[in-house]
Amino acid sequence: MVIFTLAAIFMPDPPPPLDDDRCGYAFCEVCTAEAPYACSACKTTRYCSSRCQNAGWRNHQRECKIHQKLHEMDVRIAMTRPKRPPEGICTGCNAQVGEGRRLAMCRECGYQACGSCESHHSRGTCYCPNANFGKRYCQMEPRWYHSNGRGRSYAGDRHPDPDALGGRPYPSDVYEPAPRACDSCGTVTRVFKKEYRDPWVWH
Ligand SMILES: [Zn+2]
Ligand SMILES: [Zn+2]
Ligand SMILES: [Zn+2]
Ligand SMILES: [Zn+2]
Ligand SMILES: [Zn+2]
């Protein structure tokens with residue numbers, strides 16, 4: 001009985017598995033080495049290896065619950081649609097349009113962009129999480145940076161039209177081996193491997 005109680009005190013729950021998460025540059029919570037893994041429970045705290053995760057688990061356990069709550073809140077905020085912006089004002093830069101000038105408008109979400117915002121990497125994207133001014137992110141050039149208008153980049157499936165690269169097809173090892181339905185638009189096609197979704201790998 002004593003042994004059982006001691007075991008409960010000294011052996012906390014095992015740590016959750018690590019997620020392979022290579023977007024961005026981050027440092028290990030324990031040893032400050034480069035950290036390609038994140039705690040899969042809170043998706044926040046980063047580690048270089050499961051060895052370091054185990055070493056830091058006792059400290060992280062309580063913090064992990066707090067991070068989880070914050071992460072859930074972030075996700076909920078990202079899912080709620082912003083209100084339709086007022087017409088005649090550029091949603092990207094708030095500039096009022098003068099006589100005879102037009103703003104490009106997304107019919108779905110009402111986002112409007114002036115000429116200079118249209119070409120801007122994040123102001124030029126509307127509020128629709130899967131499309132930009134009606135054009136699906138999954139079918140666009142991966143070299144572009146896209147966000148849902150709240151600073152998050154699109155991280156879903158991609159299968160851009162090879163014509164977008166001036167007719168040159170993408171190398172075949174960029175694609176997953178077998179065709180499947182795209183998570184975003186449902187088209188059955190060959191989609192990019194996960195590591196090629198990040199627009200930065202195409203720079
Ligand atoms: Zn480490
Ligand atoms: Zn955690
Ligand atoms: Zn603007
Ligand atoms: Zn939109
Ligand atoms: Zn698609």
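**Fold and cores of the chain**

From the N terminus on, the elements of this predicted model follow the order α-β-β-β-α-β-β-α-β-β-β-β. That gives three helices and nine strands, where helices (H or I, at least four residues) and strands (E, at least two) are DSSP runs numbered from the N terminus. Because the model is predicted, local features need pLDDT of at least 70 and side-chain atom pairs count only at pLDDT 80 or more, while totals for chains, interfaces and linings use all residues. Residues are numbered from 1 along each chain as its sequence is written, and chains are lettered from A and ligands numbered from 1 in the order in which they are written.

Of the 203 residues in the chain, 22% are buried. A residue counts as buried if 20 or more other C-beta atoms lie within 10 Å of its own, as exposed if 12 or fewer do, and as partly exposed in between, with C-beta atoms placed from the backbone.

The largest nonpolar core (buried Ala, Val, Leu, Ile, Met, Phe, Trp, Tyr and Cys residues joined through C-beta atoms within 7 Å) has 15 residues, and C109, Y111, A113, C126 and C128 touch the most other members. A second, separate core has nine residues, including C28, V30, A35 and C48.

Turning to helix α2, this element spans residues 50–79 and holds Q53. Q53 is buried because 24 other C-beta atoms lie within 10 Å. Leaving out residues up to four places away in sequence, Q53 touches P15, L18 and Y47, a contact being two C-beta atoms, placed from the backbone, within 7 Å.
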